[in-house]
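Student: I've never looked at this one before. Could you walk me through it and explain the labels as we go?

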Amino acid sequence: MRMKFLSIRLLVKSLCVAVLGLSFGAVMAEAKPKVTVVNKTYAVSAVTAQDLIREMDARGPNGFWADTDWYVKWTGSCDLSVSITYTMPKHKNEAKLDPELRKSWKSFVTALKKHEELHGAHGVQAAQEIEQTKCADGDAVIRKWSNQDKVLDKRTDHGKKDGVVLK
């Protein structure tokens, strides 16, 4: 009988540990940085590839065809949030593009968005790393991931090696 009692006690103890583990997991899942995404666009209307490039050069944010701005914020109790703002070109009337250019434009915008999302992921990774260190030296983590944005642009030639080309 004593063996059975010990077994039941171990079973109850195991269940308590499992329930605590599930509760802790739920709390950890809630503690992930809150991510807010804002999508902005600027208008282009040219109908040739060369003119589209000229318009994006002139109208694009910060001298680029697209831009991602991420900002990580944390509190004294280490609650983190990430704000990501994507700014992308948007054609006023794609129907005016000849079919070949329209296809190239859509491919271009898709590749450009994917490239910008890699930058946005750096902001989320920064917040996760700050959270893992319990908000110790967050500024150094921000500098590290901001530098990774520069590394990404250099490695991909601002996305051109990943398909950010307009033909």
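**Strands, burial and a pocket**

Tutor: Let's start with one pair of residues: Ala43 has Lys90 in S3 as its bridge partner. Keep in mind that this is a predicted model, where local features need pLDDT of at least 70 and side-chain atom pairs pLDDT 80 or more, while totals for chains, interfaces and linings use all residues. Residues are numbered from 1 along each chain as its sequence is written, and side-chain values use heavy atoms, leaving out hydrogens and water.

Student: What makes something a helix or a strand here, and how many of each does the protein chain have?

Tutor: They're DSSP runs, numbered from the N terminus: helices are H or I with at least four residues, strands E with at least two. The protein chain has four helices and three strands, in the order α-β-α-β-β-α-α.

Student: How do you know that S1 and S3 pair, and in which sense?

Tutor: Pairing takes at least two DSSP bridges between two strands. S1 (residues 34-44) and S3 share 11, in the parallel sense, so they count as a pair. S2 and S3 have eight bridges, and that pairing is antiparallel; there, Tyr71 stands opposite Ser83.

Student: What makes S3 "mostly covered"?

Tutor: Nine of the 12 residues in S3 (residues 80-91) are buried, meaning under 20% relative accessible area with a 1.4 Å probe, counting protein chains only (exposed is over 50%, partly exposed in between). Over the 167 residues of the protein chain, the buried share is 33%.

Student: Why is Cys78 called buried?

Tutor: Its relative accessibility is 17%, and the cut-off is under 20%, so Cys78 qualifies. Cys78 sits in the loop between S2 and S3, the turn of a hairpin with five residues between the strands.

Student: What's unusual about the phi of Cys78?

Tutor: Phi is near 65°, a positive value in a residue other than glycine. Most residues other than glycine have a negative phi. Asp157, in the segment after H4, also has a positive phi, near 55°.

Student: And is Asp157 buried or partly exposed?

Tutor: Partly exposed: 35% lies between 20% and 50%, so Asp157 gets that label.

Student: Which residues are closest to the centre of the largest pocket?

Tutor: That pocket holds about 410 Å³ of space. Of its 20 lining residues, Phe64, Ala66, Glu116, Asp153 and His158 are closest to the centre. S2 (67-74), H3 (99-132) and H4 (138-156) each supply at least two lining residues.

Technical notes:
On a 1 Å grid over the protein atoms alone, a cavity is a set of points where a 1.4 Å probe fits but cannot get out, and a pocket is an open set with protein on both sides within 12 Å along at least five of seven lines; lining residues have an atom within 4 Å of a point. Grid points are joined across faces, edges and corners, and a volume is the space filled by probe spheres set on the points.
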